[in-house]
Each structure stands twice: as structure tokens, then as C-alpha cells.
Amino acid sequence: MLEIIDLWVEVDGKPVLKGVDLNIPRGETHILFGKNGSGKSSLLMTIMGFRRYRVRQGRILYQGEDITHTPINERAKMGIGLAFQRPPSIRGVKTRDIFNFCNTNSVSCEVLANRFQFSDLLDREVNVGFSGGEIKKSELLQLLLQDPQLILLDEPESGVDLENLEVLGKAINKLLEKHLWRQRAKSGLIISHFGFILNYIEADAGYVLMDGRIHCHGNPRELFRGIQRHGYRECMECQR
Ligand SMILES: Nc1ncnc2c1ncn2[C@@H]1O[C@H](COP(=O)(O)OP(=O)(O)OP(=O)(O)O)[C@@H](O)[C@H]1O
Ligand SMILES: [Mg+2]
């Protein structure tokens, strides 16, 4: 589904990714761990195609096609979807309008909003005055409506209360659920600091990003336990 080869990226002149290699087969979900400022969001923003993240070297292949220089709107149409860590607030645009715009599904946005206790927010401007948890929910509902093939989630659990964590966890599981022969049609790349997401989805692999490079990969639960126990410093030394 996604192959990244020796990717070097700069944002506003600062190198943020320094030779990232990554391979996510169709149907697999991978988890990305890493310290603050290690380049995790930059990686997702680059995969999505934000022009500010300038690819200096390397290639991004999506379903076998080179999308390294494909515009962001085309990537969205090709089936790549991103839930931001910190999406912008948009004055003058109602959340309902963004939801309708994203909707490629047969389910109406009202029905979905109702199911996720989001109805009261539909007529408010996008993210304006939303609480942290409301922003995360809005991002996820937009993805459910968009129904992408490659799902990029930037810290979907941050700032979400325990009850909503369960609700959002189940929604993420639905986005990424496995169907026949335990195969998923879709793939995911999810950034997590706290590992809660591992309770809701079957993750296939995990990595640790450090200073713009991938330093560790393996079973995501084991990796997370290792980080909890020994911190990120050991990841540098382990070099798996
Ligand atoms: N526009 C910019 N100009 C300069 N530096 C930037 C810019 N955008 C990002 N950076 C820097 O790039 C580095 C990587 O940022 P990024 O947002 O990818 O980190 P992250 O791993 O997602 O961190 P966090 O866990 O805190 O979200 C950081 O040091 C950040 O300050
Ligand atoms: Mg980030």
C-alpha cells in the first residue's frame, strides 16, 4: 500500500526526515512512536503531500505509483486520508459543510454525528472553540465519511477522556477492521505516545522515529513496553 524509500525532507529549511525507509503492506496497520520533535508529524504531512514539507531526496510509492510530487488534493482522491494532530480552525465554514464535502459514503453526516454525540457541533465553525477531545472526534468522523484506503492518524488519543477514548478507539477499529480471512482492505499508520490505541486495533508492526530516522521496528506491544521500561535512549542503542 505504501512504500517509502530513503526519504529526506526539510520544512522551512530545517531537515526533519533524514533517510526514512518504510513499507506498509495492504491490510496492515503500523504504529509510530517517538519523542517530541522527532519528526513523526512531518512524516505524515509529507505522505499527505503538504508542500511546505519539501522532499530533498527519496520516493513515496502508494499502491505502486510514485506520488512523491503528486498534489495533495490528488492524493486525497487516490484514497489517502489524514487526521491531524492540530488541525486549523476555519472561521466562516460550518463543520456540517466539511463533513458533507468529505462524505463518500451512503451514511448521512447527521446519522454519524448522532451516533458519536457530535450533533450539537455540526453547525459550529470548523474547530473554532472546540475542546481538544471535540477536535479529535471531528477529525475522525471526517475520515469515517471520507473512507480512505490509507489512514494516517496523528495522535488520535491525545487529550481524549476515557469514555471518548473507548468511542474513538472503536471508530478507529471500524476504519481498520479486518474482514474475510482476517485480511483488511485498508492500511494505517498511527502515531501514538501512550499506546492506548493498541487496546482497540490489531497493530501489525511498530517503529520508533528518532531525529528523523527509524531506529527500531518490531512487535508494537513489545516496543511500547520497552519504551515504558527503558525510555527512548535504549532504542538508540538497541538499533533493531
Ligand atoms: N515550520 C517549521 N520551521 C522550523 N522547524 C519546524 C517547522 N515545522 C516543524 N519543525 C521542527 O521539526 C521537528 C519535527 O517536528 P514534528 O512536528 O514532525 O515532531 P513530532 O515528532 O510530531 O513531535 P510531537 O510528538 O511533539 O508531535 C521539530 O523540532 C519541529 O520544531
Ligand atoms: Mg507531532
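Valine 11 in strand β1 has tyrosine 53 of β4 as its bridge partner. In this predicted model, β1 (residues 2-11) and β4 (residues 53-62) are joined by 8 bridges and run antiparallel. These two strands belong to an open sheet of 4 strands. A sheet of 6 strands, a contact between helices α5 and α6 and the shell around ligand 1 are also covered below.

**Four-stranded sheet**

- The strand order is β2-β1-β4-β5, and the pairing is antiparallel.
- The edges are held by β2 and β5 (65-66); each has a single partner strand, so one side of each lacks a neighbour in the sheet.

**Six-stranded sheet**

- This open sheet runs in the order β6-β9-β10-β3-β11-β12, with mixed pairing.
- At its edges are β6 (80-83) and β12 (213-218), each with a single partner strand, so one side of each has no neighbour in the sheet.
- On average, neighbouring strands of this sheet are turned by 20 degrees against each other, direction ignored.
- Strands β9 (residues 150-154) and β10 (residues 187-191) run parallel and are joined by 5 bridges.
- Leucine 152 has leucine 189 in β10 as its bridge partner.
- Helix α1 packs on the sheet and touches β3 (29-33), β6, β9, β10 and β11 (205-210). The direction of α1 makes about 150 degrees with that of β9.

**Helices α5 and α6**

- Two packed helices are described by the angle and the distance between their axes.
- For α5 (residues 132-146) and α6 (residues 162-175), the axes come within 11 Å and cross at roughly 20 degrees. Because angles under 35 degrees count as roughly parallel, α5 is roughly parallel to α6.
- The α5 and α6 crossing is left-handed.
- On the α5 side, the contact consists of Gly133, Lys136, Lys137, Leu140, Leu143 and Leu144; on the α6 side, Asn164, Leu168, Ala171, Ile172 and Leu175 take part.
- By class, the residues of this contact are 7 nonpolar, 2 polar and 2 charged.

**Shell around ligand 1**

- There are 13 residues around ligand 1, of which Asp12, Asn36, Lys40, Ser41 and Ser42 come nearest.
- The shell has 8 polar, 3 charged and 2 nonpolar residues.
- Both β2 (14-24) and α1 (40-48) supply at least two residues of the shell.
- Helix α1 gives the largest share, 3 residues; this helix also packs on the sheet that contains β9 and β10.

Conventions: Residues are numbered from 1 along each chain as its sequence is written. Chains are lettered from A and ligands numbered from 1 in the order in which they are written. This is a predicted model: local features need pLDDT of at least 70, side-chain atom pairs count only at pLDDT 80 or more; totals for chains, interfaces and linings use all residues. A residue is near a molecule or strand if its C-beta atom, placed from the backbone, lies within 6 Å of it. Ala, Val, Leu, Ile, Met, Phe, Trp, Tyr, Cys and Pro count as nonpolar, Asp, Glu, Lys and Arg as charged, and the others, Gly among them, as polar. Axes are lines fitted to C-alpha atoms, for helices over the stretch in contact, and angles run from 0 to 180 degrees between N-to-C directions. Angles under 35 degrees count as roughly parallel, over 145 as roughly antiparallel, 65 to 115 as roughly perpendicular and the rest as oblique. A crossing is left-handed if the near helix is turned anticlockwise from the far one by less than a right angle, and right-handed if clockwise. Two residues are in contact if their C-beta atoms, placed from the backbone, lie within 7 Å. Two strands pair if DSSP finds at least two bridges between them.
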